[in-house]
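Reading a structure goes more easily when someone takes you through it one feature at a time. Here a learner and a teacher look at cysteines and aromatic rings.

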Amino acid sequence: MAGLRPIKFRLLELFSDEKEHWNNEIVEQMQKEYGMNSNFGRDSINFDIIELASGGMLRSVQSKVDEDGVYKKGFLLHKYIITDFGKTRASDACLMYV
Amino acid sequence: MDIRELKKLENKRKMNKGYMWALFCALLWGIWYIPGTIIWAVPPFDAMWVDIDATHGGSMATIVVALLISAFNALTVIVALLIWNGYLGKFGEMKRTLKEFHPCSKWFFLASIFGGPIAILGSFIAIGFIGAGFAAVAALLYPVIGSILARQWYGEQISKRAWMGILVIIVGGLTIFVGGAIAEISAGNLSYLGYIGGLMAALGWGIEGAIAGKGLDIAEPDVGITIRFLGENLLYWVILIPIAAIAGYPILEYALQAFTPLALLVLGFAGITFGFCYVCWYKSFPLIGVGRGQGIGNLYGLCAVIFMYLFMAQVPAWTVLVGGALCVLGSFVMISEDTGDMESLRGE
């Protein structure tokens, strides 16, 4: 796991391709990268995404109910995109090092 | 229920979670004033005060004892936080965040300057000179500073209702400070250093919240708060305590004598309550914003006055009670807005 960056840095990095991503797909990728395979790890990463959205760095562009249980059955899944503020924070906080 | 309704419900749940963290913060913060008061009468801190009073006077004795108590408070808080992070399995994330000094952890170290030797030391100075009830209520002004700075620095939204709450809190704060000072001036014994301590607490915590909010954008709250207390410990134990020792105060001798079961028990109680109050405080910021997090966290003033009355039989002056009630009312005004449609705390 050497060379990994803080979780929120990596999340911003993943969103900085300026494409829309479903939260469950990002969570799955992060779980693999950081070896956080437990339910606690999954919820912890998702909560970091929620915090980034709450802080105005990501914006939810689409939502759907998780009918198939790909993340948590019955819960809402969100498709996020990075905001201008998120790009600014990403560039002045971390991505300039990438 | 359609998607829009579900989304609204999810936002509301998220905000409620933030409010819950802030409320836990208020409860634990209020309880913290009990060990924060008792510790002054526990050996060796009581003897230390008498010792320094004999050579440098009572005011200096109170400030130096407050410094040592603040340093031990920071030490027990970091122990509690390290255990908490160990339990959550976040040491790896802590290491990763610490490494990112320039973009991230510097904010927490900066927050530790305002939160530690300014706010917490100021609070202990206010406890030492005037009393825990005053210290608790005086710091109630801090959300005003935090909200205004959070708006100026990173555009956090403040609604009209929040501004109204801020105004009520300011009036409450003025009642506490000016009312208390006038009563003391007319009695001929103004503890001005205690008032400065109260002001340090309000300014320090307000600025700390706004700075920490910047770091919390890109860090996990549990990790951020631990780095912030790491910074505070370094400030006390590497800079301020050695300076006090070099200046001729017997601070190191008494620091070594503090490792007694009773002192450690009281300090441990302070560390657990304060450590977890901070965890709750920092966890609330990303969910409801610095302004609201500090606003609801402000209920600690009410909790502190109640706990100090129940456990220490301390009844604060009427100006403190009236001012405190206004601050609590202002906090309620700040947080009573409808948040169902609010997805982001920032203005985008």
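The dialogue below takes up cysteines, then ring pairs, then charges that sit over rings.

Q: What should I know about this model before I start, and how many disulfides does the structure hold over all chains?
A: A disulfide is a covalent bond between the sulfur atoms of two cysteines. This is a predicted model, and over all its chains it holds zero disulfides.

Q: Why is B:Cys25 not bonded to the closest cysteine sulfur, in B:Cys277?
A: The two sulfurs are 4.3 Å apart, which is too far for a bond, because a disulfide needs sulfur atoms within 2.5 Å. B:Cys280 is in no disulfide either, and its nearest cysteine sulfur, that of B:Cys25, is 6.4 Å away.

Q: Are B:Cys25 and B:Cys280 buried or exposed?
A: B:Cys25 is buried, with a relative accessible area of 0%, and B:Cys280, at 6% relative accessibility, counts as buried too.

Q: How is a pair of aromatic rings described, and how many aromatic pairs does the structure hold?
A: A pair of aromatic rings is described by the distance of the centres and the angle of the planes. Over all chains the structure holds 24 aromatic pairs. One of them joins B:Trp32 and B:Phe124, whose centres are 5.3 Å apart and whose planes meet at 70 degrees, an edge-to-face arrangement.

Q: Where in chain B do B:Trp32 and B:Phe124 lie?
A: B:Trp32 lies in helix 1 (residues 3-38) and B:Phe124 in helix 5 (residues 101-129) of chain B, so the pair ties together parts that are 92 residues apart in sequence. Both of these residues are buried.

Q: What can be said of the pair formed by B:Phe229 and B:Phe274?
A: This pair is edge-to-face as well, with 6.4 Å from centre to centre and 85 degrees between the planes. It links distant parts of the chain, since B:Phe229 belongs to helix 10 (residues 221-246) and B:Phe274 to helix 12 (residues 261-297) of chain B, 45 residues apart. B:Phe229 is buried, with a relative accessible area of 0%, and B:Phe274 is likewise buried at 0%.

Q: Which residues form one aromatic cluster?
A: Among them are B:Trp32, B:Phe124, B:Phe229 and B:Phe274, together with others including B:Trp29, B:Tyr142 and B:Tyr300.

Q: Which residue lies over the face of B:Phe229, and which ring has the charged end of A:Arg42 over it?
A: B:Arg228 lies over the face of B:Phe229, at 4.1 Å from the ring centre. In chain A, the charged end of A:Arg42 sits over the ring of A:Tyr71, 5.2 Å from its centre.

Methods:
Residues are numbered from 1 along each chain as its sequence is written. Chains are lettered from A and ligands numbered from 1 in the order in which they are written. This is a predicted model: local features need pLDDT of at least 70, side-chain atom pairs count only at pLDDT 80 or more; totals for chains, interfaces and linings use all residues. Side-chain values use heavy atoms; hydrogens and water are left out. Buried means under 20% relative accessible area, exposed over 50%, partly exposed in between (1.4 Å probe, protein chains only). Rings of Phe, Tyr and Trp (its six-membered ring) pair if their centres lie within 6.5 Å; planes under 30 degrees apart count as stacked, over 60 as edge-to-face and the rest as tilted. Helices (H or I, at least four residues) and strands (E, at least two) are DSSP runs, numbered from the N terminus. A charge sits over a ring if NZ of Lys or CZ of Arg is within 6 Å of the ring centre and within 35 degrees of the ring normal.
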